[in-house]
Amino acid sequence: MSEEKLDPRIIRTKEAIQTVFKQMVCELPYEKITVKAITEAARINRNTFYLHYNCVDDVLAEIQAKHSSEYSAIVSGIDQLKETGKLVRAFFEYMEAQDDFFKRITCDSRFDYIRERMQNRVTKQAAESRPLKGLDQSVRNILLTFNNCVVLLYRQWVADGRKIPMEEMIELATTLLEKGMKGYTKCRK
């Protein structure tokens, strides 16, 4: 397995498959993406595809794992109970640095089932973090679900055409998550 990661041919082949897959996700309904279509567009044969993946879903799963790991590494040092602003900023900055594929997966409701798998992976890792680990499982679940509200706020911001400057949006999202609607009202006075 470690040899596979170092072999430039394998890296190039997987990158080609993933690039084509990402383009297709942005252009087609997910159900229309086939191994045949990927291999033709990537200019590889089906056997080469099957050396690396069993099916189209495996390509998606590998991409999801990569993004989930990257994001989890970014937020791993943030105390989820005390540093809401840092979490919100990390999420918005991470999202804005991603390609169209990732933004589409996050913001297009037709991909909710895909986004939810990624979100569940990150949430599971967050549940094991030091500040949450000692809490009752039910309380931990509620806190993690509440933290996921930042995804909904981001999606709405994107749907509205990013009319609020990002810094203001981060501040607004942080205020809402930390203090609720009442806290926002107090800030406006």
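In this predicted model, Ile38 sits in contact with a string of residues further off in sequence: leaving aside anything up to four places away, Ile38 touches Ile17, Val20, Phe21, Met24, Ile33, Phe49 and Val56. Ile38 also turns up in the largest nonpolar core, which has 41 residues. Together with Phe21, Tyr30 and Phe92, Ile38 is one of the residues that touch the most other members of that core.

As for where this core comes from, quite a few helices chip in. At least two residues each are supplied by H2 (8-27), H3 (35-42), H5 (56-75), H6 (84-96), H7 (100-107), H8 (112-127), H11 (149-159) and H12 (166-188). The top contributor is H6, which puts in 7 residues.

Away from the core, a couple of backbone oddities are worth a look. Arg43 is not a glycine, yet its phi is positive, at about 60 degrees. Arg43 belongs to the loop that links H3 to helix H4 (46-52). With a relative accessibility of 77%, Arg43 counts as exposed, because the cut-off for that label is over 50%.

A positive phi shows up again at Arg162, at about 55 degrees, and here too the residue is not a glycine. Arg162 lies in the loop between H11 and H12, and both of those helices are among the suppliers of the core. The relative accessible area of Arg162 is 31%, so Arg162 goes down as partly exposed.

Key: Residues are numbered from 1 along each chain as its sequence is written. This is a predicted model: local features need pLDDT of at least 70, side-chain atom pairs count only at pLDDT 80 or more; totals for chains, interfaces and linings use all residues. Side-chain values use heavy atoms; hydrogens and water are left out. A nonpolar core is a set of buried Ala, Val, Leu, Ile, Met, Phe, Trp, Tyr and Cys residues joined through side-chain atoms within 4.5 Å. Buried means under 20% relative accessible area, exposed over 50%, partly exposed in between (1.4 Å probe, protein chains only). Helices (H or I, at least four residues) and strands (E, at least two) are DSSP runs, numbered from the N terminus. Contact means heavy atoms within 4.5 Å.
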